[in-house]
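Work through the exercises below with the model at hand. Each task is followed by a solution in steps.

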Amino acid sequence: MRELRAPKPEKLRVLLLAAASAGDLRVGQEQQRIRAAVQSATHRDLVDLDLHPAATAEVFLDALTRFRPHVVHFSGHSTQDLIAFETGEDGFHEGAIVSAGAFARAIAAVDDKPLLSCSTPAAPQPRP
């Protein structure tokens with residue numbers, strides 16, 4: 001009987017999703033800063049990034065099953081209950097609203113649940 005080789009350690013897979021359908025966020029710039037930080041890191045060869053600067057809900061679902069990320073980072077508009085993805089249309093639009101529950105169910109449906117991270121703009125504060 002042959003001896004099996006030890007498995008190679010796998011790379012950290014980070015899925016970067018961004019959506020700014022109203023054109024009011026600089027999500028591409030944020031993704032570029034993350035990419036630059038990883039590229040300048042000592043162990044950059046141990047990290048795989050999958051960037052989607054105009055992510056639709058379909059892109060999210062496809063990447064979740066195809067890329068199997070360890071971390072999902074979302075940059076865009078959201079509330080506690082809703083997440084705004086792109087619609088895939090050209091030009092500014094309202095976005096495709098996905099409930100936080102549907103987003104959580106998609107995450108829960110994969111075998112290895114990724115960690116979640118987000119950067120969304122703070123709600124405007126009322127002026128005194």
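**Exercise 1.** Classify the packing of helices H2 and H3 in this predicted model by angle and handedness.

Solution. Step 1: take H2 as residues 57-66 and H3 as residues 100-108. Step 2: the angle at which H2 and H3 pack is about 20 degrees, and their axes lie 10 Å apart. Step 3: angles under 35 degrees count as roughly parallel, so H2 is roughly parallel to H3. Step 4: the H2 and H3 crossing is right-handed.

**Exercise 2.** Which residues of H2 and H3 meet, and how do the residues of this contact divide into nonpolar, polar and charged?

Solution. Step 1: H2 contributes Phe60, Leu61 and Leu64. Step 2: on the H3 side they meet Phe103, Ala106 and Ile107. Step 3: sorting the residues of the H2 contact with H3 gives 6 nonpolar, no polar and no charged.

**Exercise 3.** Give the strand order of the sheet of 4 strands and identify its edge strands.

Solution. Step 1: the sheet is open, its order is S2-S1-S3-S6, and the pairing is parallel. Step 2: strand S2 (47-52) and strand S6 (115-119) each pair on one side only, and these are the edge strands. Step 3: on average, neighbouring strands of this sheet are turned by 15 degrees against each other, direction ignored.

**Exercise 4.** How many bridges join S3 to S6, and which residue in S6 does His73 stand opposite?

Solution. Step 1: strand S3 covers residues 71-76 and runs parallel to S6. Step 2: the two strands are joined by 5 bridges. Step 3: the residue in S6 opposite His73 is Ser117.

Definitions and conventions:
Residues are numbered from 1 along each chain as its sequence is written. This is a predicted model: local features need pLDDT of at least 70, side-chain atom pairs count only at pLDDT 80 or more; totals for chains, interfaces and linings use all residues. Side-chain values use heavy atoms; hydrogens and water are left out. Axes are lines fitted to C-alpha atoms, for helices over the stretch in contact, and angles run from 0 to 180 degrees between N-to-C directions. Angles under 35 degrees count as roughly parallel, over 145 as roughly antiparallel, 65 to 115 as roughly perpendicular and the rest as oblique. A crossing is left-handed if the near helix is turned anticlockwise from the far one by less than a right angle, and right-handed if clockwise. Contact means heavy atoms within 4.5 Å. Ala, Val, Leu, Ile, Met, Phe, Trp, Tyr, Cys and Pro count as nonpolar, Asp, Glu, Lys and Arg as charged, and the others, Gly among them, as polar. Two strands pair if DSSP finds at least two bridges between them.
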